[in-house]
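Visitor: I'm new to this one, so please pick a single part and walk me through it slowly.

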Amino acid sequence: MSSVTVCARFRPLNSKERRDHGDSPSCIQSVDSENFIFKDGKEEESMFCFDRVFYQESLQSDVYDFLARPIIQDVVNAISGTIITYGQTGAGKTYSMEGPSILENKDQNKGLLPRVVEGLFECLKLDDETIKYTVKLSMVEIYMEKVRDLLDLSKDNLQIKECKVLGVFLSGVTEISITDAAEALVHLSNGISNRTVGETQMNMESSRSHCAYIFTVQQESVRDTRLKTGKLILLDLAGSEKIEKTGAEGKILEEAKTINKSLSALGNVINALTDDSPGRVNHIPYRDSKITRILRDALGGPSRTALLLCCSPSPSNAAESLSTLRFGTRAKHIKSTPRGNRSAEKVPRKQLFPSPTKDESCQRILDKLSEKMKIEDVKLLEELFIMEGIISIQALGADSESVYEDVTLKTITTLQQAVEEQACVIKKLKRENRYLKAKLLLIQGLNFDQKTAERHSQYFWKDLRGISSFLRRILEFMRLKKMSKLAD
Ligand SMILES: Nc1ncnc2c1ncn2[C@@H]1O[C@H](COP(=O)(O)OP(=O)(O)O)[C@@H](O)[C@H]1O
Ligand SMILES: [Mg+2]
């Protein structure tokens, strides 16, 4: 079974297309809700079959109900999902994703994003009350192979990391906790306006960059402290048109080449995932672009994915629409097994592990631990396993370069922490030392005072004895004097 749901959407003709070809001409002839015939510029006909076709009159809510609603339910059950819009510039990707505006009031015009946040919080409200959910939002833009944080423009070159426990993640990306749909829309709107600021600064257009909206839904069970995560990525890709059509030169040409490179990297990943010709070594070139690295879990990985092919119905754009539809046909053949992150789906033990190797056993232990411990602790353990040679890097299923990067970074951080801790210990010891010295001086001082006091008291008693003998002598003298007076 293919786990990539592929749908095609044809937007209404725009005014230019109407001017060029009149009101009715269209390249498509509908057969039913899944099949249609496409006539290219040379009047050649091709039959296409997708999971669903949304014709010009289709509603935004139709797209949401078919494409996004099931994925949201999965995400709440800790099965990650990805929704991608693909097509040439002006084909309706952003309209499908956001609607005419992200803060659109008219319900029928609302795009996938506002519906997704509403649907997500609806699902969480209805879910098990013994589970505590945390929803976080991140927004990034990929332009010229650089990942920019749209919720913090100072982070303009985020690194993509991969590890077994967290899967693919953006290191240091801003994650905003959101508690309801209205709050989410405010942050989404800020991120989108940041995109415009960046565009003006870089003299670019949104059609030349990819934009990813990432929702992380973390659930903690009150009963057994399990921590499960479902990630939902909505990806509005850059325009897929061929370079020649853009008539680009200079910097724009470079941009167009980079976009084409990343989108063809996406095509190559899809080809590799669908190529099951015998004797082929199954290398999937995920690392060839940022977009394919981010989509690693979505394409052929443990994630549910939906691809919306956005097309113009006009003969003026027939070649681009045909190329979009062919891209979708290939994607339809990707086979992958979506599975719950942190063992959300229970698979019979025997079926999962016929005869576990050492690596598999370690991995299983890590997966089990991730249900009971904090993700950071499990990550640390995993790195310790690698460093100690208990588990091999290949077993992590991640690219070794990235794993080494992770381990090196973690080691440096750990060493820095150790140095800081040592500095604290030294400071503390110095303080104690000073205190002890002071105490010693005080004791010595007290000793000194005691001796003086003893000496003084000796003098005092001596003096007192002197005075008393003197007084005794005076008394004796007076007594003698008195007696001699009496004798007289
Ligand atoms: N299904 C649709 N219904 C009405 N207008 C649409 C539809 N799809 C696209 N449009 C309009 O077509 C234009 C280009 O769409 P847009 O989503 O910006 O294209 P893209 O993001 O693919 O470059 C916009 O003005 C948009 O409002
Ligand atoms: Mg767009």
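Guide: Let's look at how two helices pack, with another pair for company. This is a predicted model, where local features need pLDDT of at least 70 and side-chain atom pairs count only at pLDDT 80 or more, while totals for chains, interfaces and linings use all residues. Residues count from 1 along each chain as its sequence is written, chains are lettered from A and ligands numbered from 1 in written order, and side-chain values use heavy atoms, without hydrogens or water.

Find helix H2, residues 60–76, and helix H4, residues 112–126 (helices are DSSP runs of H or I, at least four residues, numbered from the N terminus). Their axes come within 9 Å and cross at roughly 40° (axes are lines fitted to C-alpha atoms over the stretch in contact, with angles from 0 to 180 degrees between N-to-C directions). H2 and H4 are therefore oblique to each other, that is, not under 35, over 145 or 65 to 115 degrees. On the H2 side, the contact (heavy atoms within 4.5 Å) includes Val 63, Tyr 64, Leu 67 and Ile 72. H4 brings, among others, Leu 112, Val 116, Gly 119 and Leu 120. By class, this contact has eleven nonpolar, four polar and one charged residues.

Now for the other pair: helix H7 (residues 250–274) packs with helix H9 (residues 318–331) at about 35°, axes 9 Å apart. Leu 263, Leu 266 and Ile 270 are among the H7 residues in that contact, and H9 offers Phe 327, Arg 330 and Ala 331.

Definitions and conventions:
Helix = DSSP H or I, 4+ residues; strand = E, 2+ residues; numbered from the N terminus. Nonpolar A, V, L, I, M, F, W, Y, C, P; charged D, E, K, R; others polar.
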